[in-house]
Amino acid sequence: MRRLALALLAAFAFAAPASAQQVRNLAVVNGWTAYVAQSDGGPLCGMGTNANRLGRFFWIKVERLRGNLHGFVQVGDQSWNVRQGATGRIVISIDSRRAELNYTGTSRPDMIEASYQGAFSNFINFVEAFAAGYRMQVTFPGENVAPWSADLRGTRAVTEAFLACARRI
């Protein structure tokens, strides 16, 4: 995502899972939601939040692609205007654990997506850290975007619903 223009701090945006239809909530705790959805490619499971007065959203999802489970992180801000296919890095820190991922701009200009394709065991470690964590910080190295911080209280129950969903797809 070279030289993308980001205007910060806009009003709230609802971040439904990309290309998902028929979304059903499985658990909702402290602003975090676990859901199951039917997409064009089949069922997917996700969890995240859009309960943010700044218009930001953060979603974790898993879906079966060509027979294999793949994990994704979707992050967005209503004020962004990210070109589809733009690339960059995102760093997600949960307490003392850190995940650094490459992202791509999506068909939605307000959202980027990072993939754990080929590293599903790392994705599970990330999800476990998310469930046990107290605070999450999201940074965007090389971009003019202030770090995000989120309270992870309640994510254990939401993560359990997410993982139960993932075992079924």
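**View 1. Strands β3 and β4 run antiparallel.** Six bridges join β3 to β4 in this predicted model. Strand β4 spans residues 56–65. One residue pair shows how the two strands meet: the bridge partner of Thr49 is Phe58, in β4. Find Thr49 and Phe58 to see this bridge.

**View 2. Strands β2 and β3 form a hairpin.** Two residues lie between β2 and β3. Strand β2 covers residues 32–39. Its pairing with β3 is antiparallel and takes in seven bridges. One bridge matters for the next views: Val36 has Cys45 of β3 as its bridge partner.

**View 3. Strand β3 is largely enclosed by the rest of the structure.** The reason lies in its residues: seven of the eight are buried, so the strand has most of its length covered. On one side of the pairing list stands β2, with seven bridges to β3. Strand β4 adds six bridges to β3. Is Cys45 buried or exposed? Cys45 counts as buried, because its relative accessibility is 0% and the cut-off for buried is under 20%.

**View 4. Cys45 and Cys165 form a disulfide.** How many disulfides does the structure hold? It holds one. The two sulfur atoms are 1.9 Å apart. The angle about the S-S bond is -80°, and the link is left-handed. Cys45 lies in strand β3, residues 42–49, and Cys165 lies in helix α2, residues 155–168, so the disulfide ties together parts that are 120 residues apart in sequence. Cys165 has a relative accessibility of 1% and counts as buried. Its partner Cys45, at 0%, is buried too.

**View 5. Asn102 is exposed in strand β7.** Strand β7 covers residues 97–105. The relative accessible area of Asn102 is 58%. That value puts Asn102 in the exposed class, because exposed means over 50%.

**View 6. Asn102 touches residues from elsewhere in the sequence.** Which residues does Asn102 touch, leaving out those up to four places away in sequence? They are Gly88, Arg89, Glu113, Ala114 and Ser115. Glu113 is 11 residues from Asn102 in sequence. The C-alpha atoms of Asn102 and Glu113 are 8.4 Å apart in space.

How values were computed
Residues are numbered from 1 along each chain as its sequence is written. This is a predicted model: local features need pLDDT of at least 70, side-chain atom pairs count only at pLDDT 80 or more; totals for chains, interfaces and linings use all residues. Side-chain values use heavy atoms; hydrogens and water are left out. A disulfide is a pair of cysteine sulfur atoms within 2.5 Å. Helices (H or I, at least four residues) and strands (E, at least two) are DSSP runs, numbered from the N terminus. Buried means under 20% relative accessible area, exposed over 50%, partly exposed in between (1.4 Å probe, protein chains only). Two strands pair if DSSP finds at least two bridges between them. Contact means heavy atoms within 4.5 Å.
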